[in-house]
Amino acid sequence: MKKLFVFLTMMVLATSAIAQNYDFSAVCESGQTLYYQISDSSNYEIAVTAPDLSSGYPDWWTTHNKPTGDLIIPDSVEYEGNTYTVVSILERAFIGCSELTSVVIPNSITFIGESAFYGNSALVSAILPNRLTVIESSTFKNCHSLVSITLPDSLTTIKGHAFLSCESLPSITFPNTLLSIANMAFFECTGLSGELVLPSSLQNIGSFCFYGCSGLSGVLTLPESLISMGESCFSQCSGLTSVVFPENLSSIPRCAFYACTSLSGDLIIPNLCTLIGYEAFANCSNLSSLTIGSSVSNIGCGAFMDCTALETIHC
């Protein structure tokens, strides 16, 4: 009996230790209670975290008051007579905080973990810190109300699913430091409208990156810096009317512009391109003229399938 009591006591203590995911909490200027982990005690640095990771999504805030309304994250917090600098937001820190409407993140923060604001369905705007270099995977995924996001000039990478299904986002301004936009980063962001301006620094566009962004329109100019595109990267962008490819592009992947039904006029494949992938331009039903570059040696099956308006091909 004594052994059973000791065992049960240890289990309770272990469960409590797992449940609490923070070292201390504090009320911030905008009135919400935030939870912090001490990440570097010698340099007095802390990270914003979720209070409880034991019960699984979306219950990490179940026994705590979720932050709501307009949140201003502080750049420093006083705790036990010391001033701690807020340097990061840990992964899933605000996941499922469905009544958070805006967030201002201080410039002291250099890292925001993946899925940090995942599923914040009421989030309208976010201002990111000016030293952030990476937007991690699924950071703003399913933030259905997001209409304004300020990207810093330090940004080099947007990882996969970062803004997936942010269908209210009307536009995005990329800094000229950006090198890579990963798989499905803006998947089905149907609210994006007008011409998409890609930065002159961009080297990689991931698979399904802008898939289904049907509000994009006009001319899409791919920058000369571009090295690679993933499959279906602009598939079903039905408002695009023209694509200008960089001269150095070596391949156009499968389904890259599948069902871009407003593409029209003369499509020019650059001279250094060697491959046009499977169904790359299939169902581009208004495309009327095609100029194929001199280096193209491989055209995938169905590359121009159902391009019913296509009348002229120049090789």
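Is R92 buried, exposed or partly exposed? Keep that one in mind, I'll get to it in a minute. Hi everyone. What you see above is a predicted model, so please take what I say as a reading of computed coordinates.

Let me start with the overall picture. The protein has 315 residues, and 47% of them count as buried. Put a box around the C-alpha atoms along the principal axes and you get roughly 85 × 45 × 30 Å. On secondary structure, there are 23 strands and 1 helix. The exposed surface comes to about 13900 Å², with 52% of that supplied by carbon and sulfur atoms. And for those of you who like contact maps: take the contacts with a separation of 6 or more, and 39% of them are between residues 24 or more positions apart.

Okay, on to one sheet. It's an open one, made of 4 strands, and the order runs β4-β7-β9-β11 with parallel pairing. Who sits at the edges? That would be β4, residues 69-72, and β11, residues 148-150, each of which pairs on one side only. If you're wondering about the twist, neighbouring strands here are turned by 15° against each other on average, ignoring direction.

Now zoom in on the pair β7 and β9. Strand β7 covers residues 100-104, β9 covers 125-127, and 3 bridges join the two, running parallel. If you want one to click on, go to V103, whose bridge partner in β9 is A126.

While you're there, have a look at V104, which also belongs to β7. V104 has a relative accessible area of 34%, so we call it partly exposed. Together with I72 and I127, V104 makes a nonpolar patch on the surface, and the three add up to about 210 Å² of accessible area.

Right, charges. How many salt bridges does the structure hold? The count is 3, and I'll go through each.

Back to my opening question, then. R92 has a relative accessible area of 28%, which means it is partly exposed. Its salt-bridge partner is E91, and the closest N and O atoms are 3.2 Å apart. E91 comes out at 37% relative accessibility, so that side of the pair is partly exposed too.

Next pair: E136 with K159, again a salt bridge, with the closest N and O atoms 3.2 Å apart. This one links distant parts of the chain, 23 residues apart: E136 is in the loop between β10 (134-135) and β11, while K159 is in the loop between β12 (157-158) and β13 (180-181). Buried or exposed, what is E136? Buried, because its relative accessible area is 13%, and the cut-off for buried is under 20%. K159, on the other hand, is partly exposed at 32%.

Last pair: E231 and R254, where the closest N and O atoms are 4.0 Å apart. E231 lies in the loop between β16 (228-229) and β17 (240-244), and R254 in the loop between β18 (251-252) and β19 (265-268), so this salt bridge ties together parts 23 residues apart in sequence. Both ends are partly exposed, E231 at 31% relative accessibility and R254 at 40%.

If you open the model afterwards, try the V103 and A126 bridge partners, then the E136 and K159 salt bridge. That's it from me, thanks!

How values were computed:
Residues numbered from 1 in each chain as written. Predicted model: local features only at pLDDT ≥ 70, side-chain atom pairs only at ≥ 80, totals over all residues. Heavy atoms only, no water. Pairing = 2+ DSSP bridges. Axes fitted to C-alpha atoms, helices over the stretch in contact; angles between N-to-C directions. Patch = residues over 30% accessible without salt bridge, like charges linked within 9 Å, V, L, I, M, F, W, Y side chains within 5 Å. Areas by Shrake-Rupley, 256 points an atom, 1.4 Å probe, with all protein chains shown as cover. Salt bridge = Lys/Arg side-chain N within 4 Å of Asp/Glu carboxyl O. Buried < 20%, exposed > 50% of the residue type's maximum accessible area, 1.4 Å probe, protein only. Contact = heavy atoms within 4.5 Å.
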